[in-house]
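These are my notebook entries on one structure. I looked up how two chains meet, and then how one of them is built inside.

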Amino acid sequence: MRVLGSTWPERGIFAGDVLIVDAAAEPRNGKICVALLLGDVVLASLRQRRGEWFLLPCREGGEAVLVDEDTGCEIWGIVRSLVRVRV
Amino acid sequence: MPAVYGLIDGNSFYCSAERAFAPELRGRPVIVLSNNDGCAIARTREAKALGIKMGDAWHMIRDRPSMRGVEWFSSNYALYADMSRRVYQVLADRVPRVEPYSIDEFFLDLDMPGDLGHRCWKLREDVLRITKIPTCIGWGPTKTIAKLANGVAKDRPEMEGLCDLRDPGARARLYGELGVDEVWGIGRQTVAKLAALGVATIGDFVALAPERVRDLLTVVGARVQAELRGVSCLSLSLMAPTRKGIAVTRSFGRPVTGWDDMREAVAAYAARAGEKLRAEGLQAGHLTVFLHTNPNRPDEVWHSGQRGARIEPTADTRDLIREAIRLLEPLWRDGCRFFKAGVMLNDLSPPEVQAGLFATRSPGVSRRVMGVLDLVNHTHGAGTLRPAATGVTRAWSTRASKRSPRYTTRIEEIMGARLL
């Protein structure tokens with residue numbers, strides 16, 4: 001998975017990085033995931049609350065999104081590691 | 001021999017592979033076209049609902065108003081083959097044995113303890129979660145029943161992609177409803193023969209005396225009947241069958257009217273055939289070349305020709321090109337608009353260690369040169385190093401005007417994600 005657009009310095013992710021995504025991995029609190037949100041492919045960190053999973057946006061103050069078929073949001077895979085060619 | 005056979009297959013496999021990396025295609029009508037962007041060869045449920053049939057020529061129907069929202073793709077076999085491998089991998093990690101039957105179908109040995117219904121449900125979920133390919137699974141005491149169950153799982157949405165035909169009672173009920181043409185291995189001619197006897201449903205067919213079936217349909221038909229009765233005759237074959245022949249044939253992107261283009265195209269097909277040959281560790285002792293004009297254009301001059309010859313066994317691209325062009329030359333006619341050509345290799349065998357008495361080629365040198373050629377093309381991408389005879393611009397090459405990215409096999413073409 002290639003990171004498009006902006007960077008996420010807190011998690012050390014920069015535009016153009018290649019992420020290794022594991023679709024077989026179980027979701028875990030705090031992990032970065034690739035998710036599908038209304039047809040878009042997005043990166044966010046995962047948070048579990050009362051048995052439900054939420055996507056936390058990278059930017060401060062963004063709204064958490066409930067992972068649910070009805071909200072058109074699903075987890076696609078869990079980011080395992082990162083490859084960067086340029087430094 | 002397993003006590004339970006399963007068959008799992010991908011729903012609209014090529015379309016599902018396209019959707020796996022393009023979530024915006026979910027819920028939308030998608031079709032994949034054959035080589036040269038000709039006919040629809042895969043359709044999603046939504047596309048079927050619009051009345052698109054298997055084999056419909058896209059250029060004939062694309063202008064209909066109802067086709068406005070249809071997403072169409074040129075076939076992307078690099079992607080489909082890799083997705084097939086991924087599905088296989090998930091299956092092989094979870095069941096005792098897997099036999100690939102086609103690019104999107106796998107027979108399974110389901111001889112496992114526990115609740116099989118739940119296990120199959122889980123298997124289907126895992127394949128979907130990991131590979132993003134939706135599937136259906138059917139299972140029963142024989143391969144023929146598993147294949148039938150798979151078809152039922154697919155045709156009846158209320159079964160939620162799963163169909164268990166282990167129970168003879170469940171089978172008996174279903175056999176009364178389904179036509180005998182639904183059975184794997186029963187072709188159109190067989191259906192006609194059976195109809196003459198008043199056999200319409202699978203139930204009718206199973207009720208026939210086995211001796212009668214054998215007389216009418218030979219031992220092959222008798223085996224199908226026994227399998228439907230729950231007696232397993234076809235076991236899982238884990239060995240891939242050895243190839244009998246290799247063919248590389250393509251329709252041209254536009255009609256070929258010049259000898260140079262034709263020579264290039266056939267050289268390129270011979271080169272591709274050579275790659276396939278070496279990938280299987282074989283050499284060929286017979287080579288056939290054919291070409292023809294468009295059979296659907298009665299207004300144009302029709303010409304078709306085919307020539308084959310025994311060749312000194314080889315797996316060397318350079319030899320194959322030379323032999324192919326030698327056979328092609330007499331087939332050429334000026335003034336014809338050629339539509340398709342192909343190269344076929346037969347009499348395949350593993351290379352002999354000892355050179356034949358009349359060998360004119362040097363197998364050691366050939367093996368080294370071809371080894372380098374294949375290695376370069378493997379590490380740097382197909383076509384990086386190629387014989388000049390196969391052309392540079394390739395004006396004749398197949399149309400694939402809307403191929404999706406090779407998401408899983410090219411690093412430049414992987415999927416992208418934005419920050420939320």
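**Entry 1: the contact between the chains**

How many residues of chain B are in contact with chain A, and how many of chain A with chain B? I worked on a predicted model, so every value here is computed from that model. I found 16 residues on the chain B side and 28 on the chain A side.

I then looked up the area buried between chain B and chain A, which is about 2000 Å². Carbon and sulfur atoms give 63% of that area. Within chain B, I noted the residues that lose the most area to chain A: B:Ala417, B:Leu419 and B:Leu420. Together they make up 40% of what the chain B side buries.

**Entry 2: polar links across the contact**

I counted one salt bridge between chain B and chain A. Which side chains form a salt bridge here? They are those of A:Glu74 and B:Arg26, at 2.7 Å from N to O. For polar contacts between the two chains, I wrote down 12 residue pairs, with both residues at pLDDT 80 or more.

Next I asked which elements of chain B supply the side that touches chain A. Helix α5 and strand β13 (416-419) of chain B each supply at least two residues. β13(B) gives the most, with four residues. I also sorted the residues of this side by kind: 10 are nonpolar, one is polar and five are charged.

**Entry 3: strand β13 of chain B**

Which strands of chain A does β13(B) pair with? One is strand β4 (residues 40-49) of chain A, which runs parallel to β13(B) and is joined to it by two bridges. In this pairing I found A:Val42 opposite B:Arg418, and A:Leu43 opposite B:Leu419. B:Leu419 is also among the residues of chain B that lose the most area to chain A.

Another is strand β1 (residues 2-4) of chain A, which pairs with β13(B) in the parallel sense over three bridges. There, A:Arg2 stands opposite B:Gly416.

**Entry 4: a sheet in chain B**

I turned to an open sheet of five strands in chain B. In what order do its strands lie? I read the order as β5-β6-β1-β7-β8, with mixed pairing. The edge strands are β5 (97-102) and β8 (162-164), each of which pairs on one side only. On average, neighbouring strands are turned by 15 degrees against each other, with direction ignored.

Helix α5 (residues 116-131) of chain B packs on this sheet. It touches β1, β6 (105-109), β7 and β8 of chain B. Its direction makes about 155 degrees with that of β7(B). I had already met α5 of chain B in Entry 2, as a supplier of at least two residues to the side that touches chain A.

I then checked one pairing inside the sheet. Strand β1 (residues 5-10) and strand β7 (residues 135-140) of chain B are antiparallel, with six bridges between them. B:Tyr5 stands opposite B:Gly140 in β7(B).

**Entry 5: a salt bridge within chain B**

The structure holds 28 salt bridges over all chains. I looked up one of them, between B:Lys154 and B:Asp9, with the closest N and O atoms 2.5 Å apart. This pair links distant parts of the chain, 145 residues apart. B:Lys154 is in helix α6 (residues 143-155) of chain B, and B:Asp9 is in strand β1 of chain B.

Technical notes:
Residues numbered from 1 in each chain as written. Chains lettered and ligands numbered in written order. Predicted model: local features only at pLDDT ≥ 70, side-chain atom pairs only at ≥ 80, totals over all residues. Heavy atoms only, no water. Pairing = 2+ DSSP bridges. Axes fitted to C-alpha atoms, helices over the stretch in contact; angles between N-to-C directions. Contact = heavy atoms within 4.5 Å. Buried area = accessible area lost by both parts, 1.4 Å probe. Salt bridge = Lys/Arg side-chain N within 4 Å of Asp/Glu carboxyl O. Polar contact = N/O pair within 3.5 Å; in protein donor to acceptor, adjacent residues only side chain to side chain. Nonpolar A, V, L, I, M, F, W, Y, C, P; charged D, E, K, R; others polar.
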